[in-house]
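Reader: I should be grateful for a close look at a single part of this structure. Please place that part within its chain before turning to the details.

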Amino acid sequence: MHTKDCHVLTVDRLTLDLSGRRILRDIDLVVEPGEFLGLIGPNGGGKTSLLRVLLGILAPTAGDFHWSEPACGRPRIGYVPQRTGVDRDYPLSSREIVKQGAPGSWPLFGFHAREANRKADELLNRVGLSNQGGAMFVNLSGGQQRRLLLARALMNNPNVLLLDEPTAGVDSEGQEQFCEILRELSRQGITVILVSHDIPLITAHADRIACLCVGLHWHGPARALDQSAVNGAYRCELERYQIFGGRTRSQLQENL
Amino acid sequence: METFLHLGTFFKYGFLERALGAALLMSLICGMLSPFVVLRRLSFAADGLAHASLGGLALGIFLLNSGPSPTLAGYGITFLFTCGVAAAIAYFSTGNRLQADTAVGACFVAAFALGILLLTIRQRSAGHLEDFFFGSILAVNPLECWLLAGLASLTAFFCVSYWRWLGQWTFDEELARASGVKTVWLRYALILLIAATVILSTKVVGILLVTAMLILPGAIGTLSGRNMPLILLCSLAAAMTSATGGMVVSNMANVPPGPVIVLLVFSLFLAAFFLRRRRDQRIWRNGSQIVREVQP
């Protein structure tokens, strides 16, 4: 178990270049155990790339990051990807997809198989899908699919949850339900790092917010997030693509 | 009864026994690999490798100046050539310049054309082109049976050792990588196993028909089961039933076994498809009934 003086995650001047383009620049970030961190920023701002670096899928160009401090032990990480990457026609039942989240490579037999089934049912119940265990992935609604992926991520008993826009395309009631589950997990000591474009939703539930647009524009408590910090992060997208709607840069800055 | 009598004749003659053994081993390998080929959407890649293997077989015959039946060295050359084609496909499709299916299409036609050209130059083998295309199972030799047995053991070991990794990989590659699954290793291992399977299945069903055995059993499995063990069992059952049935029917009707095996597995695929369609319609009707009852 983590103690309060252990950082779960320390990101130190992390820079990432992909195909000759700077995706992330000098990111410094510290995440505490049990914290609910919201990552916001414009499209192409590097939010998903930061998650992919943290998961070890991409290697940083410069800088470094480390999970926990050696004395605290390496955390188990659960990941909920953007739904667009998942095969919607996957023929397995919801329960089987949740069971896939258990660690290891060998088949489960006997007691271990029964235990995995019991845990999968418990997690499906926890995310409000208790009657959908036999349903196929394709037959679930968008919101149910996201909750199923969350249950799958929880199968590994994670200390840290990374979620990439899990509420995109989900109705407001579904978004609230999802964030309530995350809030509850955070209260139980699981560190949550949530990427979202829904600023009102994320500020209502997260403890801290980080505005990312290549660099880290602002980070602090969710209640301290103001319009200028959001504008600052989203303005860099306009500058990067040189979309000023016929106005000069100074006019745009005045309006912001 | 007559069918069982015909099955009995397989054990009277060594060549028939070997043919049945080779067909069963091939179906065992294809039945194990097929669900992963289907779920990872590697059907076209498998088809491409099957066609490309003709280039390797022809190169082996050309370089070793051997007869139409490949030797161990010939199989080695074919395997290296097919792996080379797989590596070329991976090279061309890396880096967003070319879609993977375009790279497969480009490479397999080139390898296939090379095979036809080399076999035509070696006149004495050119007359046996149909053996490569549709198989010549009665000419299977003990070496090929041993190679198939070795490959079946290796495939079974691979599937058992990486069973849950394979399941995670089939659902979503990025999610699997994030969970620590070595997806690159799994992809290369699966491609190498497919390459070895298509090469060693040349004698059994031929390079044009082996693709059916790598796709249809898995398709039957995914239509029938909702968990991985059941999908694998259905795939194995479909592959082995059609291999045994195909051998018996071809022996009874005196027709080539390769096409019969493929037509049998296709019949099972049609049955699985329509059974699944009926099940889905029943679920849909029940769902509509519940909605009507809830909404007055």
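Author: Helices and strands are here DSSP runs, of at least four residues (H or I) and at least two (E) respectively, numbered from the N terminus. The model is predicted. In these terms, chain A contains eight helices and nine strands. Of the 256 residues in chain A, 40% are buried. Among the contacts in chain A that link residues at least 6 apart in sequence, 68% join residues at least 24 apart.

The part chosen for a close look is a sheet in chain A. This sheet is open and has three strands, in the order β2-β1-β4 (chain A), and their pairing is antiparallel. At its edges lie β2 of chain A, residues 21–31, and β4 of chain A, residues 62–67, each of which pairs on one side only. Averaged over the sheet and with direction ignored, neighbouring strands are turned by 25° against each other.

The pairing of β1(A) with β2(A) can be followed in further detail. Strand β1 of chain A spans residues 9–18, and seven bridges join this strand to β2(A), the two running antiparallel. Within this pairing, Leu18(A) stands opposite Arg21(A), a residue of β2(A).

A helix completes the description. Helix α1 of chain A, residues 47–54, packs on the sheet. Helix α1 of chain A touches β1, β2 and β4 of chain A, and the direction of this helix makes about 65° with that of β2(A).

Methods. Residues numbered from 1 in each chain as written. Chains lettered and ligands numbered in written order. Predicted model: local features only at pLDDT ≥ 70, side-chain atom pairs only at ≥ 80, totals over all residues. Buried ≥ 20, exposed ≤ 12 C-beta atoms within 10 Å, placed from the backbone. Contact = placed C-beta atoms within 7 Å. Pairing = 2+ DSSP bridges. Axes fitted to C-alpha atoms, helices over the stretch in contact; angles between N-to-C directions.
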